[in-house]
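Work through the exercises below with the sequence and the 3D view open. Try each task before you read its solution.

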Amino acid sequence: MDESKPLIATPGNSQINRSDSNAVEARFTDLCKSGLSLLENTYNDAMKLFKETKHLLSANVSTIGNGALEEAERFWFAFVLYSIKRLSEKTAESVQPGDNKFTLCQILRAAKLNIVDFFKELPQFVVKAGPVLSNMYGEDWENRLEANELQTNFVHLSLLSKSYKRAFRELFLSSDANIDKNSDTDDAADPVSEYRRFGWLLFLALRIHAFSRFKDLVTCTNGFVSVLVVLIIHVPIHFRNFNIHDSLRFVRKGDKGVDLLASLCNMYDASEDDLRKMMEKANSLIEDILKKKPCVASECKTETLENIDTDGLIYFEGLLDEPSLSSSLNILEKDYDDAIRNKGELDERVLINEDDSLLASGSSSGGAVNVTGVKRKFDSIASPTKTITSPLSPHRSPTASHANGVPGASNSRMAATPVTTAMTTAKWLRTYISPLPSKPSAELQRFLSSCDRDVTNDVTRRAQIILEAIFPSSALSERCVDGSLQSTNLMDNIWAEQRRLEALKLYYRVLEAMCTAEAQLLHATNLTSLLTNERFHRCMLACSAELVLATHKTVTMLFPAVLERTGITAFDLSKVIESFIRHEVSLPRELRRHLNSLEERLLESMVWEKGSSMYNSLIVARPVLSAEINRLGLLAEPMPSLDAIAMHISFSSGGPSTSSPSQKHETSPGHVGSSILGQNGDTRSPKRPCTDLRSVLVERNPFTSPVKDRLLALSNKSKAPLQSAFASPTRPNPGGGGETCAETGINIFFGKINKLAAVRINGMVERLQLSQQIRESVYCLFQQILSQQTSLFFNRHIDQIILCCFYGVAKISQLNLTFREIIYNYRKQPQCKPQVFRSVFVDWSTARHNGKTGQDHVDIITFYNEIFIPTVKPLLVELGPSGTSTRTTRIPDANNSNEGQCPGSPKVAPFPSLPDMSPKKVSATHNVYVSPLRTSKMDALISHNSKSLYACVGESTHAYQSPSKDLTAINNRLNGTRKVRGTLNFDGIDVGLVSDSMVASSLYLQNGSCMSSSCAPPKSEQLDS
């Protein structure tokens, strides 16, 4: 028997037989003609695309939906029709009347799919069918498809609809309550439901006519708050569910009554100036579309305005009276129909209908959908606070999750939601950044002028050009939905100018802090090397702009847009993220999480994509890899000059695309968007790393300033100047040691990769309930691959290597662990994306595979068998029982590798110590969680003045008292039958002592691990061994 056989995995195989091909086409034809009534031209285009991609459906049935052929077909039909709708309408000079008028919702209803499932599976179609779509519709097809933008828009609207419905329930009576009070009107339409629908339609009209391109979450929230103002002053008072005299909720303005706008701004952390501007737009919309005559509220005598300060408010007589309400609803419905009919976008009216089948949590065929995963997808895009939970991250604090959790609470603050979190973050921007000057401060100018030459003009000019590229102004030639060209373009330009100013002020503020720290480190004010580095400044500007975009949560400029528009790469940006976080002390926790999540995302896949500047450093640090890097064409092209970007801005002033397709291919050759993995899902699903001022991934970052590094300084290397991070790769490292800057940078980068891998390996080990020996072996193998077979990471995701390491170690250790079980548990990991195991890059020219050439994307089992095992088999043998040792300190002989070890790279290290997961469940039977005290907060908590106020595990609440007695008292309370109201009493006597060793053992347990052993993999999972 061949010795490699035990290492091989067997994939499942589910394909469409050739005899069924005609039947599939017939079913697609029936859907097009009977289900959607497509005209002949549209049908022919759809059938052409379907035939071109039918072989892809046949090869990927098992990975779509629940793996059943019938469901996979319906998904594929929907993908094809959506692509036809979005792409064909933008290439045709004109569309015939009545042609191509179907919408996404009509497609999903005909295919019997729901919205969540559609977006969940769409990225796979984009990956697989990308070459076909490129040939048929041009290279910029993905920008025109706008799949990611549409998904983000849906997530935002889902969150806003929930906030709107929650606010409506708190402000007005429910439909059931109204029916009980008016039983004689059962046959009539429920007025409360009509009021709620009117408010939502008015909000959608605002989005269409007033928001134009930049439908960011903050602006939309201001819009729905303005709709609440309209409803409060027009809905009859007997439908109210609030007391206008509630002093905790409503702010009074002297003797004039309640200041309604100030009260709602206080509830939603909105800007009163922005809300007043939004109110003007809402009032104009009612006047122009609904043809209602506005009246100054102070001149109107109506009971809905009693006890309300009417200054600045507009009232529309009879707006919500029965005859007028029905007419207004019809007008708003027709206006919305006209707006979306040609665009084919999602019908956002369904979000107000809880029972709509399009909002179901599973497909009609019964395929289960991971509700937690769906929620995670919503949250990750909608709010930096709710980004995907990383094993590095603590859960949300109890204060955030329980504040005002009861609807209708008397507290004026809203419960913590993604919407309110976004508004809170925007408030930080208004409070801390907006008041700053829009030019360098005197202190920053001192640094700029202290260089070998004064670089102030260079810095200001660069900032102006780069921010103009990131936040382009609208062009007069740009078309609008409602035809009101000047007003919408004016709002676009105002929005873009405001965002440019915010990013500029933040850039100057953080740049000054960095210069101050660098000057202290170097004991000099001449920072010429750093302040004249073009790439450094662009990274800083990109980071500032990304924070502004993340604060406002735009739909049209999602990451990595800032990379493409500034001409930098993911590897460049990863060098400044940690320093940026350290030097902006006021940065909200949500934005720190956002930047840390971006860094984790950059490390896991984006830095490995084609065009990453990491490869330019790697060929210097590891010359043996240069041939492979050049063969695959991975090197980043030269960064576009400022003049080229400025010329592009001037040339595109006639209306640059929000996706910047031309810049992506012309002025930003060093972009990171060329890898197929980087464009599907993972660019919209950031994870949530830890919330401390530093990420555990960058403990060894040598480019961070030591200003606040007293507890974080791990070695002398961690105090290297920031300017060395952006020096030429071939330049000697100023820190000495005989290394080039490239070698130093790559070693630090590999350290970050190993740290991230350790966290993810640890999470999988806990889920799979494997031994620590397996954990050590998997981590050892991963390190060896990174060091000795680095090319396995090229164009791939590090999780793909980790999953293969698990299976390889399991096979060599004769462990009964299938690939199916590995993938099943990986699906539960917070960073999981289906594309990781469904679409792995392979280059058949280097693989011993009969009949295949070129590059392709395959499932992870094919990659494991054809690429991974032939490459790492010598390393795996070293880990097996017949190997020399299974300890992580063992390094296989360099002769087993074609690449050799990175010069100066560290030896394979034991599994690192990881931060405790916080909070961690310490009991399988009780909901008891323990959160370890952070070192950074220890000094503050145990200072002389406050020491007696806090109790920590290991420190008693009383002098000379054993800590175990404190735990005894806590256990006594928890195990008691009566409910405890009040504070815990730590004076109890010994009752069932809990030893320190038991607590330490419990702390190691995984949250919810007691359930994992009883969970069987789903039948729909096709991967198996």
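**Exercise 1. Place Ser328 and describe its surroundings.**

Solution. Start with the element: Ser328 lies in helix H13. Helices are DSSP runs of H or I with at least four residues, strands are runs of E with at least two, and both are numbered from the N terminus. Next, check the accessibility. Ser328 has a relative accessible area of 1%, so Ser328 is buried. (Buried means under 20% relative accessible area, exposed over 50%, partly exposed in between, with a 1.4 Å probe and protein chains only.) Last, list the contacts, meaning heavy atoms within 4.5 Å. Beyond its neighbours within four places in sequence, Ser328 touches Phe198, Leu290, Lys292 and Leu319.

Two notes on the model apply throughout. This is a predicted model, in which local features need pLDDT of at least 70 and side-chain atom pairs count only at pLDDT 80 or more, while totals for chains, interfaces and linings use all residues. Residues are numbered from 1 along each chain as its sequence is written, and side-chain values use heavy atoms, with hydrogens and water left out.

**Exercise 2. Find the salt bridge of Arg197 and the network around it.**

Solution. Recall the general idea first. Side chains of opposite charge can pair when their charged atoms come close. The cut-off: a side-chain nitrogen of Lys or Arg within 4 Å of a carboxyl oxygen of Asp or Glu. The whole structure holds 32 salt bridges. In one of them, Arg197 meets Glu333 at 2.9 Å, N to O. This pair links distant parts of the chain: Arg197 is in helix H9 (residues 191–211) and Glu333 in helix H13 (residues 322–341), 136 residues apart. Arg197 is partly exposed, at 22% relative accessible area. Now widen the view. A network of salt bridges links Arg197, Glu333, Asp337, Asp347 and Arg349.

**Exercise 3. Describe the salt bridge between Arg760 and Glu600. Is Glu600 buried or exposed?**

Solution. Take the distance first: the two side chains meet at 3.0 Å, N to O. Then locate the partners. Arg760 lies in helix H30 (residues 741–768) and Glu600 in helix H25 (residues 589–604), so the bridge ties together parts that are 160 residues apart in sequence. Finally, check accessibility. Arg760 is buried, with a relative accessible area of 2%. Glu600 is buried too, with 1%.

**Exercise 4. Classify the ring pair of Tyr82 and Phe118.**

Solution. A pair of aromatic rings is described by the distance of the centres and the angle of the planes. Rings of Phe, Tyr and Trp (its six-membered ring) pair if their centres lie within 6.5 Å; planes under 30 degrees apart count as stacked, over 60 as edge-to-face and the rest as tilted. The whole structure has 33 aromatic pairs. For Tyr82 and Phe118, the centres are 5.8 Å apart and the planes stand at 80 degrees, so the pair is edge-to-face. Tyr82 is in helix H3 (residues 69–88) and Phe118 in helix H5 (residues 115–137), so the pair ties together parts that are 36 residues apart in sequence. Tyr82 is buried at 1% relative accessibility, and Phe118 is buried at 0%. Both rings belong to a cluster that ring pairs link, with Phe75, Trp76, Phe79, Phe119, Phe125 and Phe154.

**Exercise 5. Which residues have the most contacts inside the largest nonpolar core?**

Solution. Begin with the term: a nonpolar core is a set of buried Ala, Val, Leu, Ile, Met, Phe, Trp, Tyr and Cys residues joined through side-chain atoms within 4.5 Å. The largest has 136 residues, and Phe471, Trp608, Phe863 and Phe868 have the most contacts inside it. Helix H19 (residues 485–522) gives the most to this core, with 12 residues. Zoom in on Phe471: among the residues Phe471 touches, more than four places away in sequence, are Trp495, Ala503, Leu549 and Met557. A second, separate core has 128 residues, including Tyr43, Tyr137, Leu201 and Ala270.

**Exercise 6. Check the span of helix H16.**

Solution. The expected span is 1.5 Å times one less than the number of residues. Helix H16 (residues 418–433) has 16 residues, so the expected span is 22 Å; the end C-alpha atoms are 22 Å apart, which agrees. Buried residues in H16 include Pro418, Met423, Trp428 and Ile433.
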